[in-house]
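Colleague: Could you take me closely through one part of this model, a single helix, and then show me what lies around it? I would like a connected account rather than a list.

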Amino acid sequence: MLWTVISADAAPITALRQQYWLSPRENEMSISRRQFIKNTAIAGSMLVIGFYIPTKARAIQTDEATIQPNAFIEIDNNNNITFIIGQVEMGQGIYTTLAMCIAEELDVKWNDIQFKPASVAPVYESDPNLMITGGSASVQSKQMQMRQIGATVRIMLQDAAAKYWEVPISVIETKESHVINARTGEKLPYGAFVGALSQMNIPTDVMIKPYDKCKLIGKPMKRHPKEAWSKVSGNAVFAIDVRLPNMKYAAVLHATVFGAKIKRFNADKALTRSGVVKVKLIPSGIAVIADKWWIAQEALKDIEIEWDNGLFAKTNTMDMHKEYAAMLITPGASARKDGNTIEAFKQADKIVEAHFDFPFLAHAPMEPLGVTVHHEKEHATIWSSSQSQTWALQAAIDILELDKEKITYETPYIGSAFGRRGVASVDFIKDGLYVAKNEPFPIMTLWSREDDIKGGYYRPMYKNSARLALDKNGKITAFEAKVVGQQILKGTPFEESIENGVEDAQVEGLAYHPYAIASNDIQVHSPVSPIPVVWWRSVGHTHTIPTLEGIIDEAAYAAKKDPITFRLENLDSKRHIAILQDVAEKSGWYSRKKEKGIGYGIAVAESFGSACAQVAMVRITNDSFVVEKVWCSIDCGFAFNPLNVENQMISAINFGIAALKYSEITIQNGMTVQSNYDDYIVSRISDAPEIEVSIVNTGYPVGGIGEPGVPPILAAVPNALFDASGKRYHTMPISLS
């Protein structure tokens with residue numbers, strides 16, 4: 001079902017239309033052509049057109065009254081063409097890739113198009129009724145819609161041009177934002193037909209181009225020049241770049257002990273500091289509003305405060321490790337049970353077993369968390385850096401006590417997120433809303449990096465076990481695994497997806513693996529902790545794939561088989577086999593030379609609809625290691641922008657290497673020990689390996705690319721370190737000493 005909306009404002013015929021339409025052939029026009037122009041000229045100076053293709057479930061809930069008309073494409077009489085994108089651009093290249101999908105079908109001049117972030121409206125939502133950018137889902141979920149929108153508008157333009165030139169529509173071609181009469185060679189800009197389109201019915205059976213006929217999608221494209229130029233020139237507006245007249249800034253003093261509450265405070269000294277405007281108690285702590293952010297931040301030190309540290313003041317990571325270890329030896333909730341693992345392990349020729357430890361991890365996005373809010377009595381404007389416009393807007397509605405129609409929501413560029421800005425509580429957005437509520441000036445509330453790293457949210461800590469049974473031929477006959485780690489969906493809008501005490505993030509990639517194993521028993525423990533947790537780039541696969549591909553690697557060596565050959569013999573997925581064979585060929589796996597201190601490791605994983613295999617080459621240096629080269633084969637179904645796929649794989653691999661070598665959040669006395677990039681280290685340029693990316697298409701549906709590159713590297717490197725040293729490393733971050 002195709003839902004359409006067209007609107008256009010009334011305006012007289014424009015100079016542009018006169019320039020193009022009142023040509024020397026004007027006198028030869030028939031009455032019908034004159035009438036056509038007369039009819040269409042009254043329709044206005046700009047077409048605003050929106051399309052929506054609801055799912056079956058959503059169609060029931062959708063009606064025209066809920067749809068905002070300025071949806072995806074704007075064309076004005078000056079032939080300015082703007083694409084409106086509902087996804088947040090946070091460095092992943094979605095503006096360019098989705099624009100490619102529209103531009104391909106609309107046949108526009110690529111360099112001339114403009115972008116505009118969408119407002120918050122149902123037309124931009126994905127299931128379940130949510131505007132959110134995450135889960136590597138943007139291209140997966142939106143590419144077809146974008147292509148159909150572009151194709152539909154192109155057909156309408158061709159139809160309008162055919163009427164104008166009085167020729168069959170088959171004679172009308174489109175190229176670089178113009179329609180062309182193939183018989184005469186005449187051409188007109190799309191903008192000349194704005195009025196005509198506004199009076200046409202919307203076709204509902206438009207065909208999109210087959211991939212082999214596409215000129216943009218499927219081709220390696222650099223970031224759109226307008227986005228790239230705005231960023232390199234410093235003109236791009238990120239959330240922390242917002243500047244408004246009479247704007248103030250706020251810093252917030254949060255509890256450092258998780259769950260602590262304020263008993264009493266004295267802000268008299270802070271209020272005497274020059275530039276301080278106000279001190280305000282908000283639900284999460286105490287905010288100082290000042291003329292400059294640094295003044296506000298420094299004034300926080302002047303506040304005398306007494307805390308009630310509550311029940312969690314003695315919480316420590318080491319104690320949690322002991323608690324998790326005790327759970328690991330007891331039965332947990334069942335995530336999968338089939339076959340007869342007990343009998344299979346009794347009959348096994350060999351058994352391999354290992355335990356794995358994964359720490360809490362922070363997201364540490366480059367741009368600090370921030371929001372600007374201007375609450376003007378009956379109206380408010382919010383400049384938000386949340387990954388979810390829906391959740392952030394709802395928080396504004398609730399806290400500012402305004403109707404949705406009285407809130408203007410702006411989405412600037414975001415300087416990376418990795419899941420942190422997608423937290424359902426929108427904690428940093430709420431801070432800004434409470435701070436700015438009923439204040440007479442716009443206020444930017446900005447968290448410091450210390451606020452974020454010390455205040456959560458984190459990838460949960462996990463302690464996993466895994467055990468494999470092998471027969472005498474090296475075939476895996478049984479698999480047992482147990483996961484201990486907090487649930488990230490509990491208390492969120494997605495909590496209902498937790499079934500029988502198990503959520504996907506605890507077992508995805510582990511309970512439903514690609515190996516042909518007859519007997520499986522996967523169990524889960526979900527400890528309760530005051531430490532706030534949320535998804536981190538690649539979510540559950542960041543602990544399940546190192547567990548699965550780690551124990552598989554140990555089984556290969558136990559069976560005295562080559563690690564890739566062992567996997568190929570035990571896999572039950574043609575897709576995984578194909579990318580393993582590809583990465584083996586690209587890396588020269590079977591002809592690699594054994595050198596002292598050098599090791600090669602392999603891992604394969606499927607996540608977010610894409611399968612990825614990686615070979616890592618590491619060099620051990622004294623008590624450390626360097627990842628020198630990574631070969632990566634990725635099957636994402638179809639690579640809409642191969643260059644962006646390559647960039648995402650490079651980004652993911654470097655992101656994962658930081659977690660392998662450095663990143664770790666530890667808790668002592670209820671507080672986070674780490675605070676900034678000096679003690680919570682992320683990837684450095686010196687850590688970046690040479691990376692070769694091979695894109696494979698085995699015919700599967702379109703998958704995501706933002707996250708699937710992370711899980712394999714988290715297993716390939718430890719496996720390579722074993723190859724180099726003969727020692728297994730089961731604890732991250734990895735310490736050779």
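Modeller: What follows looks at helix α12, then at the strands and cores around the topic, bearing in mind that this is a predicted model.

Helix α12 runs over residues 389–400, and at 1.5 Å a residue its twelve residues should span 16 Å; the end C-alpha atoms are 16 Å apart, which agrees with that expectation. The helix is mostly covered, since ten of its twelve residues are buried, and the buried set consists of Gln-389, Thr-390, Trp-391, Ala-392, Leu-393, Ala-395, Ala-396, Ile-397, Ile-399 and Leu-400. These buried residues pack against three strands, β16 (370–376), β17 (379–384) and β18 (407–410), and also against helix α13 (427–436). Directly after α12 comes Glu-401, whose phi is positive, near 55°.

One of those packing partners, β16, leads on to another strand: four bridges join β16 to β19, and the two run antiparallel. Within this pairing, Val-371 has Thr-445 of β19 as its bridge partner. Strand β19 (residues 443–446) also pairs with β9 (residues 248–254), this time in the parallel sense and over three bridges, and here Ala-250 is the residue whose bridge partner in β19 is Thr-445. Both faces of β19 are covered, with Ile-443 and Thr-445 buried on one side and Met-444 and Leu-446 buried on the other.

Turning to the nonpolar cores, the largest has 198 residues, of which Phe-83, Phe-193 and Phe-479 touch the most other members. Helix α5 (residues 138–165) gives the most to this core, with eleven residues. A second, separate core of 19 residues includes Val-288, Ala-299, Trp-383 and Leu-446; of these, Leu-446 is one of the buried residues of β19 already named.

Elsewhere in the model there is an open sheet of five strands, in the order β14-β22-β21-β20-β15 and with mixed pairing. Strands β14 (333–338) and β15 (350–358) stand at its edges with a single partner strand each, so one side of each is left without a neighbour in the sheet. Neighbouring strands of this sheet are turned against each other by 5° on average, direction ignored. Inside the sheet, β21 (residues 476–485) and β22 (residues 519–525) run parallel and are joined by seven bridges, with Ala-481 standing opposite Ile-522 in β22. Helix α16 (residues 541–558) lies across β15, β20 (462–470) and β21, and runs at about 150° to β15.

Definitions and conventions. Residues are numbered from 1 along each chain as its sequence is written. This is a predicted model: local features need pLDDT of at least 70, side-chain atom pairs count only at pLDDT 80 or more; totals for chains, interfaces and linings use all residues. Side-chain values use heavy atoms; hydrogens and water are left out. Two strands pair if DSSP finds at least two bridges between them. Axes are lines fitted to C-alpha atoms, for helices over the stretch in contact, and angles run from 0 to 180 degrees between N-to-C directions. Contact means heavy atoms within 4.5 Å. The expected span of a helix is 1.5 Å times one less than its number of residues. Buried means under 20% relative accessible area, exposed over 50%, partly exposed in between (1.4 Å probe, protein chains only). A nonpolar core is a set of buried Ala, Val, Leu, Ile, Met, Phe, Trp, Tyr and Cys residues joined through side-chain atoms within 4.5 Å.
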